[in-house]
Amino acid sequence: MQVLALCGAKRWAFLSKDMNISRNPAERAALLAANIHAVFFSRREASGPEMAAALVPALKRLMRRLAQSTKPVHVVVRPNGTIDTLKF
(Lines give C-alpha, C1' and ligand atoms only; values in the text may rest on other atoms or scores of the structure.)
Protein backbone atom coordinates (compact mmCIF):
# COMPACT_ATOMS: atom_id res chain seq x y z
CA MET A 1 0.00 0.00 0.00
CA GLN A 2 1.73 3.10 -1.27
CA VAL A 3 -0.28 5.41 0.96
CA LEU A 4 1.22 3.78 4.06
CA ALA A 5 4.75 4.25 2.73
CA LEU A 6 3.93 7.89 1.95
CA CYS A 7 2.58 8.42 5.46
CA GLY A 8 5.76 6.89 6.85
CA ALA A 9 8.00 9.10 4.69
CA LYS A 10 6.07 12.24 5.66
CA ARG A 11 5.69 11.15 9.31
CA TRP A 12 1.91 11.42 9.04
CA ALA A 13 -0.65 9.40 10.97
CA PHE A 14 -2.89 7.15 8.87
CA LEU A 15 -6.68 7.52 9.22
CA SER A 16 -8.97 4.93 7.66
CA LYS A 17 -12.37 3.27 7.79
CA ASP A 18 -10.90 0.03 6.40
CA MET A 19 -10.64 -2.31 9.38
CA ASN A 20 -9.78 -5.22 7.05
CA ILE A 21 -6.12 -4.21 7.22
CA SER A 22 -5.87 -6.35 10.35
CA ARG A 23 -6.87 -9.44 8.34
CA ASN A 24 -4.81 -8.76 5.22
CA PRO A 25 -1.20 -9.90 5.81
CA ALA A 26 0.30 -7.68 3.08
CA GLU A 27 -1.52 -4.56 4.27
CA ARG A 28 -0.72 -5.31 7.90
CA ALA A 29 2.97 -5.76 7.01
CA ALA A 30 2.94 -2.47 5.09
CA LEU A 31 1.42 -0.68 8.10
CA LEU A 32 4.02 -2.10 10.45
CA ALA A 33 6.86 -1.33 8.01
CA ALA A 34 5.69 2.28 7.69
CA ASN A 35 6.24 2.69 11.45
CA ILE A 36 3.32 5.13 11.84
CA HIS A 37 0.35 5.75 14.08
CA ALA A 38 -2.94 4.52 12.61
CA VAL A 39 -6.47 5.56 13.58
CA PHE A 40 -9.36 3.48 12.30
CA PHE A 41 -13.05 4.29 12.47
CA SER A 42 -15.25 1.32 13.37
CA ARG A 43 -18.10 2.16 11.00
CA ARG A 44 -17.08 1.72 7.38
CA GLU A 45 -20.19 3.53 6.14
CA ALA A 46 -19.64 6.54 8.44
CA SER A 47 -19.81 9.93 6.78
CA GLY A 48 -17.27 12.71 7.35
CA PRO A 49 -19.51 14.45 9.90
CA GLU A 50 -20.10 11.14 11.73
CA MET A 51 -16.36 10.45 11.91
CA ALA A 52 -15.75 13.97 13.21
CA ALA A 53 -18.47 13.49 15.84
CA ALA A 54 -16.70 10.34 17.03
CA LEU A 55 -13.24 11.91 16.94
CA VAL A 56 -14.00 15.14 18.81
CA PRO A 57 -14.69 13.55 22.23
CA ALA A 58 -11.73 11.18 21.75
CA LEU A 59 -9.23 13.74 20.53
CA LYS A 60 -7.57 14.75 23.83
CA ARG A 61 -7.12 11.14 24.92
CA LEU A 62 -5.95 10.11 21.48
CA MET A 63 -3.38 12.91 21.20
CA ARG A 64 -2.07 12.19 24.69
CA ARG A 65 -1.70 8.49 23.85
CA LEU A 66 0.11 9.22 20.59
CA ALA A 67 2.42 11.78 22.21
CA GLN A 68 3.37 9.48 25.09
CA SER A 69 4.09 6.44 22.95
CA THR A 70 7.58 5.61 21.76
CA LYS A 71 6.18 3.07 19.28
CA PRO A 72 3.43 3.37 16.66
CA VAL A 73 -0.07 3.25 18.11
CA HIS A 74 -2.92 1.58 16.22
CA VAL A 75 -6.41 2.34 17.53
CA VAL A 76 -10.08 2.16 16.66
CA VAL A 77 -12.34 5.12 17.38
CA ARG A 78 -15.90 4.00 18.09
CA PRO A 79 -18.99 6.12 17.23
CA ASN A 80 -19.38 7.11 20.91
CA GLY A 81 -15.79 8.40 21.06
CA THR A 82 -14.23 5.48 22.93
CA ILE A 83 -10.79 4.32 21.81
CA ASP A 84 -9.70 0.69 21.61
CA THR A 85 -6.13 -0.41 20.95
CA LEU A 86 -5.49 -2.75 18.03
CA LYS A 87 -2.83 -5.40 18.43
CA PHE A 88 -1.34 -6.96 15.32
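Which side chains meet in a salt bridge at 3.3 Å, N to O? We will come to that pair shortly, after a look at the framework around it. Keep in mind as you read that this is a predicted model.

A good place to begin is the sheet. It is open and holds 4 strands in the order E1-E2-E3-E4, with mixed pairing. At its edges stand E1, covering residues 14–16, and E4, covering 83–85, each of which pairs on one side only. If you look from one strand to its neighbour, you will find them turned against each other by 25 degrees on average, direction ignored. In general, the strands of a sheet pair through backbone hydrogen bonds, and they may do so in parallel or antiparallel fashion. Here, E1 and strand E2 (residues 38–41) run parallel and are joined by 3 bridges. To find this pairing in the model, look for Phe14, which stands opposite Ala38 in E2.

Next, turn to helix H3, which spans residues 48–68. This helix lies across E2, strand E3 (74–77) and E4, and it runs at about 55 degrees to E4. Follow H3 along its length and you will meet a bend of about 60 degrees at Ala58. Ala58 is also one of the buried residues of H3, together with Met51, Ala54, Leu55, Leu62 and Leu66. What covers them? The cover over the buried residues of H3 includes E2, E3 and E4. A general point helps when reading such a list: an α-helix has 3.6 residues a turn, so residues three or four places apart point the same way.

Now back to the opening question. The salt bridge at 3.3 Å, N to O, is made by the side chains of Arg44 and Asp18. Arg44 sits in the loop between E2 and H3, while Asp18 sits in the loop between E1 and helix H2 (25–34), so their meeting ties together parts that are 26 residues apart in sequence. Asp18 is partly exposed, at 24% relative accessibility.

This pair belongs to a set: the structure holds 4 salt bridges. Another one brings together the side chains of Glu45 and Arg43, at 3.2 Å from N to O. Glu45 is exposed, with a relative accessible area of 57%, whereas Arg43 is partly exposed, at 31%. A further salt bridge links Arg78 with Asp84, where the closest N and O atoms are 2.7 Å apart. Both ends of that bridge are partly exposed: Arg78 has 29% relative accessibility, and Asp84 has a relative accessible area of 33%. Salt bridges that share partners also join Arg43, Glu45 and Glu50 into one network.

Finally, two loop residues deserve a visit for their backbone angles. As a general rule, most residues other than glycine have a negative phi. Arg11, however, has a positive phi, near 60 degrees. You will find Arg11 in the loop between helix H1 (2–10) and E1, and it counts as exposed at 77% relative accessibility. Asn35 likewise has a positive phi near 60 degrees. Its place is the loop between H2 and E2, and Asn35 is exposed too, at 54% relative accessibility.

Terms used:
Residues numbered from 1 in each chain as written. Predicted model: local features only at pLDDT ≥ 70, side-chain atom pairs only at ≥ 80, totals over all residues. Heavy atoms only, no water. Pairing = 2+ DSSP bridges. Helix = DSSP H or I, 4+ residues; strand = E, 2+ residues; numbered from the N terminus. Axes fitted to C-alpha atoms, helices over the stretch in contact; angles between N-to-C directions. Contact = heavy atoms within 4.5 Å. Buried < 20%, exposed > 50% of the residue type's maximum accessible area, 1.4 Å probe, protein only. Bend = angle between axes of the 7 residues up to and from the residue.
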